[in-house]
Each structure stands twice: as structure tokens, then as C-alpha cells.
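Dear colleague,

Please find below the sequence and structure for your records. I should be grateful if you would read the notes that follow alongside them.

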Amino acid sequence: FMTKVYVEGYGCRANHDDSNIMKGVLKKDNFEIVNNENEAYVVIVNTCVVKQTTANKIKNRLSRLYGKHKKIVISGCMAEAEKEKLRRLYPKASLINTFNVDKISNTINSERVEFLDKSAINKLSLPKFENENKEVIQIEQGCTDICSFCETKTAKGKIQSLDYNLIVKEIRTKKNQNTKYFHLTSTDNGAYGLDSFLGLTP
């Protein structure tokens, strides 16, 4: 018997890549990914908090799911930026932020857990559910700005850039596997390398 999991994602390309990674990790660990929440034992909602309208939409969605007595895992930026509020509103839901997508399988069979530390991981080494002849590469996490309309800085903290050599190696490897399209993405591509004085901008 394989536990059925439904993953619902919101937000930016990096966040959707995290959804793809989590599904890949779950599949590798012998969980079944389904396309319908009604079939699932566990529902993972990969959240976004850049805009308040999106955040409100996600909270309404969480409330509906929570009311169905589904096992809920809240991942993504909201799990970090609004963790106190989520603990109060959904006390049985597990929380996992963007830095811990590799631990997603540990949330499935546990009563309630939290993975909220902010140690950067190399997401290039993690399996993905589907690539469709294109590869999304997250080159950094974090932000230099503190915008009043956005909680990304709270969720992802300071910039943590992925090593340039790892990025180049990944592109060459995937190119040799006939991948045709590459998307370099992050919280802010223009800020890549500012933590190591190796930026994309002059």
C-alpha cells in the first residue's frame, strides 16, 4: 500500500520548482503522487506570501482543506514567514520551509513536525517529478530588500548563492542528457553572488 499525496503549489517559478522537487523526493521514497486532493491521504500546500491577495487565497484554501480533516503539510514561504499564525490556525498541520524540501517525506507519517531551519542545501542533487525537456535551476535563495508588501525576506533571509561551478556543471550534465531549455531562477537573480562578490550585474 502506497500512501497517496497531493501537492498544490503557488507563487514563483522557484516555488513551483520546489513543488516538483518535493514530488520527486516523495516518489523516490515510495509515496504515490495523485492529481486529485480527494484521492489523497496527505495534502501538501506549497505557499507564497509575496502578495497579500495570494496569501489570503492560500489561507482560505488551507481552512477548507483543514476542515475536511485531511492531513495537511504547509510548505513554502508562508510556513516560515507566518509560522506563529499557522500554528494557531492549523495546530495539527506540519510546517516545512523552502530550505528543507529534501525532508518532505519525514512529514508524511509523523503526527506533526516542523522543519524550519535556514541552512542552504544544494537542490540540484535532489530528484524531480517531471522535467519535460527543461530544467529549472535555483541559483540563490534570499533577498536584499525589505519591501512593505512582501514577506520574502522574513521567509528566506539573507542571500545564499549557489556555487557558480555547481550551476555550470549541472547545465553541462543536463545538456548532455538532451535537455533543451534552462531556466535560472531565484528570489532575485540580479542579486546572485552579492554574498560572495560574484554578481550577475556590473
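The notes below concern the sheets and the helices that pack on them.

This is a predicted model, in which local features need pLDDT of at least 70, side-chain atom pairs count only at pLDDT 80 or more, and totals for chains, interfaces and linings use all residues. Residues are numbered from 1 along each chain as its sequence is written, and side-chain values use heavy atoms, with hydrogens and water left out.

Helices (H or I, at least four residues) and strands (E, at least two) are DSSP runs, numbered from the N terminus; two strands pair if DSSP finds at least two bridges between them.

An open sheet of six strands, paired in parallel, follows the order β2-β1-β3-β4-β5-β6. Its edge strands, each pairing on one side only, are β2 (32–33) and β6 (114–115). Strands β4 (residues 71–76) and β5 (residues 94–96) run parallel and are joined by three bridges; Val73 has Ser94 in β5 as its bridge partner. Helix α1 packs on this sheet, touching β1 (4–9), β2, β3 (42–47) and β4 (contact means heavy atoms within 4.5 Å).

An open sheet of three strands has mixed pairing and the order β8-β7-β9. At its edges lie β8 (160–161) and β9 (181–186), each pairing on one side only. Strand β7 (residues 134–141) pairs with β8 in the antiparallel sense over two bridges, and Gln141 has Gln160 in β8 as its bridge partner. Helix α1 (residues 13–28) packs on this sheet too, touching β7 and β9. Helix α6 (residues 164–176) also touches β7 and β9 as it packs on the sheet.

Yours sincerely

Notes: Axes are lines fitted to C-alpha atoms, for helices over the stretch in contact, and angles run from 0 to 180 degrees between N-to-C directions.
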